[in-house]
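Student: Could you take me through one spot in this model up close, and then show me how it sits in the rest of the chain?

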Amino acid sequence: MFAIAALFAPLSAMCGGEGEAVRPKYVFLFIGDGMSVPQRMTANEFSIATGGSGLRMNSMEVVAMARSRSANYLVTDSAAAATAIACGEKTNNGSVGVDKSGGKLVSCAELAKMNGRKVGIITTVTITHATPAGFYAHRKTRGDVPNIARDLADSGFDLFAGGGIPLKGDKAKEAYDYISQKGYRIVKTADEFDSLRPGCGKVMARFSDDALANSIDAAEAEGQPTIGQMLKKAIELLDGEKGFFIMCEGGRIDWSCHGNDAATNLRDILALDDAVGVALDFERSHPGETLVVATGDHETGGMTMGFAGTGRDIHVERLGLQTMSVPSFNGAVARLFAERKGELAFEDVVPLMEKAFGVKFSGDPKKDPMRLSAQEEKDIRKAFDEDIAKYRKKVAETTDYKAPLKYGLGNALRTVVSHKAGIDWTSGSHTALPVMTTATGAGAKTLSGFYENSELGRRLRAFYE
Ligand SMILES: [Zn+2]
């Protein structure tokens with residue numbers, strides 16, 4: 001009997017040679033976009049240094065590493081990586097849910113749905129972004145948002161939650177109308193979402209027209225739930241006889257790595273980790289039938305712990321002094337420029353800089369490590385001078401010029417803060433570092449090893465084949 005069963009069960013879904021395919025009733029797949037070993041370990045140290053006990057995602061006992069290359073580049077993008085993790089096939093950068101010739105693939109989420117599982121897709125960025133799209137869409141180009149939105153509606157998945165669809169005007173209306181026609185109830189606020197009860201039917205919860213706010217800027221993001229709150233509700237709505245598959249993405253982790261904004265990055269990883277905690281608590285109350293997996297799609301930023309300026313010391317706790325993300329800070333600076341019509345001095349921005357990044361422009365450097373050195377202050381002043389010159393030049397050219405969010409001052413400050421914390425970066429883009437996966441629960445052992453990212457997708461699919 002054993003031999004016959006073994007012939008028909010996919011090898012990767014066998015557990016410990018017992019001969020029975022593992023079919024976890026509940027699967028939680030967490031993806032930190034741009035989250036590889038450096039991000040997971042820096043966030044781990046940050047948690048410990050600020051009174052926590054490390055990341056729960058790092059406490060899971062099964063570990064795997066995956067090579068993240070895509071079909072056409074050693075450095076993958078999120079679309080190809082999501083396709084590999086979701087569908088078990090490498091594709092070209094930019095493609096979602098199709099192979100490199102454009103042929104349609106089937107994702108583990110779609111297989112879960114065919115197996116009668118409820119399916120939920122959660123993200124902190126736009127719901128049509130590359131990572132979530134890899135689980136339900138089939139398009140050669142990740143930028144084909146109108147058709148990705150149609151695929152979302154056609155998927156029949158039970159729950160989508162996160163940011164909205166980044167389309168404007170008639171195109172946005174058309175997309176949402178189509179989703180409604182397909183039977184989705186569209187909710188926009190955390191309160192509305194919270195009032196939903198099991199049996200309410202298919203739901204699309206979009207808490208913004210665009211991505212959700214960074215966790216560090218949460219106070220500005222009224223009406224937006226945290227990723228952990230979204231997951232709690234998803235569990236309540238999707239739990240049932242047949243179980244569920246939930247993919248939960250910390251999408252903005254990648255964006256702050258592109259921006260080399262360490263403090264913002266760590267806060268978003270901790271937020272994702274809170275959601276992992278929700279899943280681990282669920283696993284504890286549903287043992288033997290629940291699988292929890294936490295992975296990343298690629299590394300972003302070439303982040304590293306260790307910087308020559310701090311020697312052997314790492315001071316990640318200093319990142320806890322930063323109170324807003326770089327984009328949010330630059331927005332505040334842009335508003336100041338506009339309010340004062342460019343008539344302001346460096347000293348006028350000092351209080352904002354001190355509050356936002358925890359740096360000090362006065363005091364004794366021997367007593368306060370956040371006191372800026374002469375060189376650091378010089379770099380920051382230079383960035384301010386350039387920004388204000390840019391603003392004044394534009395205002396001189398056109399009377400209705402609105403200050404853009406993108407200024408260099410925030411970048412000058414985040415570089416100083418990263419270095420004071422002992423963190424450094426080699427890139428504003430993705431890198432080819434491998435990604436780490438951890439897992440626990442039913443079927444977790446089948447995921448261990450050192451393999452291609454597409455192998456993780458194959459092993460996830462095997463739970464439903
Ligand atoms: Zn990515």
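Tutor: Let's start with Val62, which lies in strand E2 (residues 62-67); strands here are DSSP E runs of at least two residues, and helices are H or I runs of at least four, both numbered from the N terminus. Before going on: this is a predicted model, where local features need pLDDT of at least 70, side-chain atom pairs count only at pLDDT 80 or more, and totals for chains, interfaces and linings use all residues. Residues are numbered from 1 along each chain as its sequence is written, and side-chain values use heavy atoms, with hydrogens and water left out.

Back to Val62: its relative accessibility is 9%, so it counts as buried (under 20% relative accessible area, with over 50% being exposed and partly exposed in between, using a 1.4 Å probe and protein chains only). What covers that spot comes from far along the sequence: Val62 and Thr440 are 378 residues apart, yet their C-alpha atoms are 6.1 Å apart in space. Setting aside neighbours within four places in sequence, Val62 is in contact with Thr437, Thr438, Ala439, Ala444, Lys445 and Ser448, contact meaning heavy atoms within 4.5 Å.

That long reach fits the chain as a whole. Among contacts with a separation of 6 or more, 74% are between residues 24 or more positions apart. The chain has 16 helices and 14 strands, and 57% of its 465 residues count as buried. Its radius of gyration is 23 Å, which agrees with the value near 23 Å that a compact globule of 465 residues would have; the radius is taken over C-alpha atoms, and the globule rule is 2.2 Å times the number of residues to the power 0.38.

For a second buried site, try Thr264 in helix H11 (residues 262-285), which counts as buried because its relative accessibility is 1%. Its side chain makes a polar contact with the side chain of Asp261 at 2.7 Å (a pair of N or O atoms within 3.5 Å; within protein, one must be able to donate a hydrogen and the other to accept it, and residues adjacent in sequence count only if both atoms are side-chain atoms). Beyond four places in sequence, the contacts of Thr264 include Asn214, Ile216, Gln322 and Met324.

Thr83, in helix H3 (residues 78-87), is buried too, at 0% relative accessibility. Outside its neighbours within four places, its contacts include Gly88, Glu89, Val98 and Leu105.
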